[in-house]
Amino acid sequence: MIAVIGGSGLTQLANLEITRRQIVRTPYGEPSGPVTFGHMGASEVVFLARHGYGHTLAPHEVNYRANLWALQYLGVTRVIAVATVGGISPGLGAGSIALPLWIGGSSPGAIRRTASHVNTSLWNRWRPALR
């Protein structure tokens, strides 16, 4: 099953035929809100508003662990997370969609370490079914 986690610019899925909503309790506390189940065409899809329905949570208040735990508990095997950012490129105006080739590294397989964290490249981590 596929889940979509919506960010500030995506608080609901317009084409989702909603079948039910479910509240999930997790070992990490409360997720951002109830998980919405539905269908898009023949696919079962779940949706979770990262900042809560009505955008009630600031980024530092989002319980990311609880959100992902809840989705896995419900049987989600793939997650598409949508985020809103600005200033990527002058050629990408409002409403554009950009998919990065890799995240967290400057080249495929790059690993950068500092005293406080590790950035690992996600090059070639995209599942072909999600591309």
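Q: In the hairpin of β3 and β4, how many residues stand between the strands, and which residue takes a positive phi?

A: The model before us is a predicted one, and in it the hairpin of β3 and β4 has two residues between the strands, with G41 taking a positive phi near 65 degrees. The two strands, β3 (35-40) and β4 (43-49), run antiparallel and are joined by five bridges. Within that pairing, F37 stands opposite V46 of β4.

Q: What is the order of the strands in the sheet, and which strands stand at the edges?

A: To read a sheet, one can list the strands in order and then look at how many partners each has. Here the sheet is open, has five strands with mixed pairing, and follows the order β2-β3-β4-β1-β5. At the edges stand β2 and β5 (78-81), each of which has a single partner strand, so that one side of each is left without a neighbour in the sheet. From one strand to the next, the twist averages 25 degrees.

Q: Which strands does β1 pair with, and in what sense does it run to them?

A: Strand β1 (residues 2-6) pairs with β5 in the parallel sense, over four bridges, and it also runs parallel to β4, to which it is joined by five bridges. A3 is a useful residue for following both pairings, since its bridge partner in β5 is V79, while in β4 it stands opposite V46. Next to A3 in the numbering, I2 stands opposite V45 of β4. As a general point for reading such positions, side chains in a regular strand alternate between the two faces of the sheet.

Q: Are β1 and β4 largely enclosed or left open by the rest of the structure?

A: The general idea is to count the buried residues in each strand, where buried means under 20% relative accessible area. In β1, four of the five residues are buried, so this strand is largely enclosed by the rest of the structure. In β4, five of the seven residues are buried, so the conclusion for this strand is that it, too, is largely enclosed.

Q: Where does helix α1 lie with respect to the strands?

A: Helix α1 lies across β1, β3, β4 and β5, and its direction makes an angle of about 160 degrees to that of β1. Two aromatic residues, W69 and Y73, both belong to this helix (residues 64-73), where they are four residues apart, or about one turn of the helix.

Q: How many aromatic pairs does the structure hold, and what is the geometry of W69 and Y73?

A: For a ring pair, the distance between centres is read together with the angle between planes. The structure holds two aromatic pairs; in the one formed by W69 and Y73, the ring centres are 5.2 Å apart and the planes lie at 10 degrees, so the pair is stacked. In terms of accessibility, W69 is partly exposed, with a relative accessible area of 27%, whereas Y73 counts as exposed at 55%. Another ring, that of F37, has the charged end of R20 sitting over it, 3.7 Å from the ring centre.

Q: What do the side chains of T26 and S32 reach in the loop between β2 and β3?

A: Such residues are best read by taking burial, polar contacts and neighbours together. T26, which has its place in the loop between β2 and β3, is buried, with a relative accessible area of 13%. Its side chain reaches the backbone oxygen of G29 at 2.6 Å, and a polar atom of that side chain lies 3.0 Å from the backbone nitrogen of Y28. Leaving aside residues up to four places away in sequence, T26 touches P31, A66, W69 and A70.

S32 lies in the loop between β2 (17-22) and β3 as well, and at 10% relative accessibility it counts as buried. The side chain of S32 reaches the backbone oxygen of R50 at 2.6 Å. Not counting residues up to four places away in sequence, S32 touches A49, R50, G52, L57, V62 and N67.

Key. Residues are numbered from 1 along each chain as its sequence is written. This is a predicted model: local features need pLDDT of at least 70, side-chain atom pairs count only at pLDDT 80 or more; totals for chains, interfaces and linings use all residues. Side-chain values use heavy atoms; hydrogens and water are left out. Buried means under 20% relative accessible area, exposed over 50%, partly exposed in between (1.4 Å probe, protein chains only). A polar contact is a pair of N or O atoms within 3.5 Å; within protein, one must be able to donate a hydrogen and the other to accept it, and residues adjacent in sequence count only if both atoms are side-chain atoms. Contact means heavy atoms within 4.5 Å. Rings of Phe, Tyr and Trp (its six-membered ring) pair if their centres lie within 6.5 Å; planes under 30 degrees apart count as stacked, over 60 as edge-to-face and the rest as tilted. A charge sits over a ring if NZ of Lys or CZ of Arg is within 6 Å of the ring centre and within 35 degrees of the ring normal. Two strands pair if DSSP finds at least two bridges between them. Axes are lines fitted to C-alpha atoms, for helices over the stretch in contact, and angles run from 0 to 180 degrees between N-to-C directions.
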